[in-house]
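Colleague: Please put the model up, and let's go through its pockets and the ligand site together.

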Amino acid sequence: MSTMQAVIYEQYGPPEVLKMSQVAKPTPKPNEVLIKIYATTVTVGDWHLRKADPFLARFFTGLFKPKNPILGHELAGVIEAVGANVTKYNIGDAVFASTKLDSGTYAEYMCLPEEGAMALKPNNLSFEEAATIPVGGLTALHLLRQAGIKAGQKVLVYGASGSVGSFAVQLAKYFGTNVTAVCSTTNVELVKSLGADAVIDYKQTEVTQSNEQFDLIFDAVGYLPLAQCKKILKPNGAYASVSWGLILTLNMLGSKIFRGPKVVIGMSKEGTADMVFLKGLAEAGKLKGIIDRRYTLAQLPEAHHYVESGRKKGGVVIQIA
Ligand SMILES: NC(=O)c1ccc[n+]([C@@H]2O[C@H](COP(=O)([O-])OP(=O)(O)OC[C@H]3O[C@@H](n4cnc5c(N)ncnc54)[C@H](OP(=O)(O)O)[C@@H]3O)[C@@H](O)[C@H]2O)c1
């Protein structure tokens with residue numbers, strides 16, 4: 001049996017549950033491609049899964065121990081083999097992809113369906129840059145579209161220096177809106193470089209007390225509840241959040257029943273077409289991935305500690321090949 005290096009977790013817990021291991025190298029099913037992974041990232045979702053936080057996640061990921069021992073949700077790499085029915089890709093193609101609800105990119109190889117959230121890698125980006133795009137880029141794109149983003153609108157992005165936030169700023173600019181980005185003092189210059197028209201440093205200014213009103217408020221980190229946005233959100237505006245939970249679900253239902261700002265939550269369902277869209281934007285110079293730090297597979301526990309601190313900017317890359 002041929003094997004590969006991977007980082008696995010066999011129990012829920014702190015970053016130290018992540019261990020280097022030798023596991024079976026996967027082989028592609030007829031509709032799948034086998035990707036040699038050059039770079040992956042540590043997403044916020046990865047550490048939540050590692051800790052089984054919230055506890056309810058265990059009903060999907062395994063009650064007592066993880067059903068899938070390999071974490072990691074986005075990658076860039078090169079196709080090494082193709083299944084018998086694959087028509088879109090060839091051996092040697094460089095691709096970038098999100099694994100969506102599955103995981104498995106903390107490894108040298110992974111198989112993905114050719115119809116998944118995958119596209120050819122933008123030819124102007126390195127593997128590391130490309131690997132930072134899929135999860136944050138697809139999430140920002142989905143929520144902005146669901147919120148009905150339109151040219152000419154005034155958009156506020158809260159948490160603009162994170163992965164989802166940095167793509168939300170760039171995509172909102174691409175859609176022709178006027179973007180106000182909110183971040184802490186250390187990230188003001190970074191966020192300006194993404195094209196924000198105005199930046200509010202939340203350490204200096206209480207954004208919810210601004211006299212401005214926005215057509216769309218995008219909470220990209222889950223720290224700006226709708227209830228605090230009453231003064232700054234237009235009555236017919238839209239509020240989008242990366243968060244989940246009872247209050248937001250009630251907000252969403254309430255907005256449908258009693259006419260008020262539109263409330264948008266939920267995971268992206270996008271696939272190939274949206275990855276191709278993001279590739280096009282990257283190649284046109286309208287979307288870039290931000291790399292905060294780089295680690296190796298063996299340093300994954302350290303990378304998890306950093307991402308769990310909640311202070312990463314853009315993406316934290318794991319170099320594999
Ligand atoms: N719905 C979905 O499908 C989906 C998909 C992907 C991610 N998510 C969720 O989206 C959230 C963001 O993920 P991410 O990867 O973009 O996060 P991230 O990169 O870890 O965000 C870190 C950024 O958040 C900012 N931040 C931290 N505390 C803050 C606060 N109190 N107020 C404002 N900003 C704060 C920090 O910037 P400053 O230092 O400048 O504050 C930091 O740059 C996570 O909860 C994740 O689970 C949801």
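Colleague: Which residues line the second largest pocket?
Modeller: The lining is made up of Leu-226, Cys-229, Lys-230, Leu-233, Asn-251, Gly-254, Ser-255, Phe-258, Arg-259, Gly-260, Pro-261 and Val-263. A pocket here is an open set of points on a 1 Å grid over the protein atoms alone, where a 1.4 Å probe fits, with protein on both sides within 12 Å along at least five of seven lines, and lining residues have an atom within 4 Å of a point. This is a predicted model, where local features need pLDDT of at least 70 and side-chain atom pairs pLDDT 80 or more, while totals for chains, interfaces and linings use all residues. Residues are numbered from 1 along each chain as its sequence is written, and side-chain values use heavy atoms, without hydrogens and water.

Colleague: What's the mix of classes there, and which helix gives the largest share?
Modeller: Six lining residues of that pocket are nonpolar, four polar (Gly counts here) and two charged, and helix H7 (residues 246-257, a DSSP run of H or I of at least four residues) gives the largest share, with three residues. The space in this pocket is about 170 Å³, taken as what probe spheres set on the points fill.

Colleague: Over to the ligand: which residues come nearest?
Modeller: There are 23 residues around the ligand (a heavy atom within 4 Å), and Ser-161, Ser-184, Asn-187, Tyr-202 and Lys-312 come nearest.

Colleague: And where are the polar contacts?
Modeller: Counting N or O pairs within 3.5 Å, a backbone N or O atom of Ser-163 is 2.9 Å from a ligand oxygen, a polar backbone atom of Ser-184 is 2.8 Å from a ligand oxygen, and a side-chain N or O atom of Tyr-158 is 3.3 Å from a ligand nitrogen. Of the 930 Å² of accessible area that the ligand has on its own (Shrake-Rupley, 1.4 Å probe), the protein covers 84%.

Colleague: Which helices and domains supply that shell?
Modeller: Helices H4 (134-146) and H5 (163-174) each give at least two residues, and domain 1 (3-133 + 289-319) and domain 2 (136-264) each give at least three.

Colleague: Last topic, where does the cis peptide bond sit?
Modeller: That bond runs from Asp-53 to Pro-54, with omega near 10°, and Pro-54 is in the loop between helix H1 (44-51) and helix H2 (58-61). Ala-52, also placed in the loop between H1 and H2, has a positive phi of about 50° although it is not a glycine.

Technical notes. A polar contact is a pair of N or O atoms within 3.5 Å; within protein, one must be able to donate a hydrogen and the other to accept it, and residues adjacent in sequence count only if both atoms are side-chain atoms. Domain bounds come from an automatic or database domain assignment.
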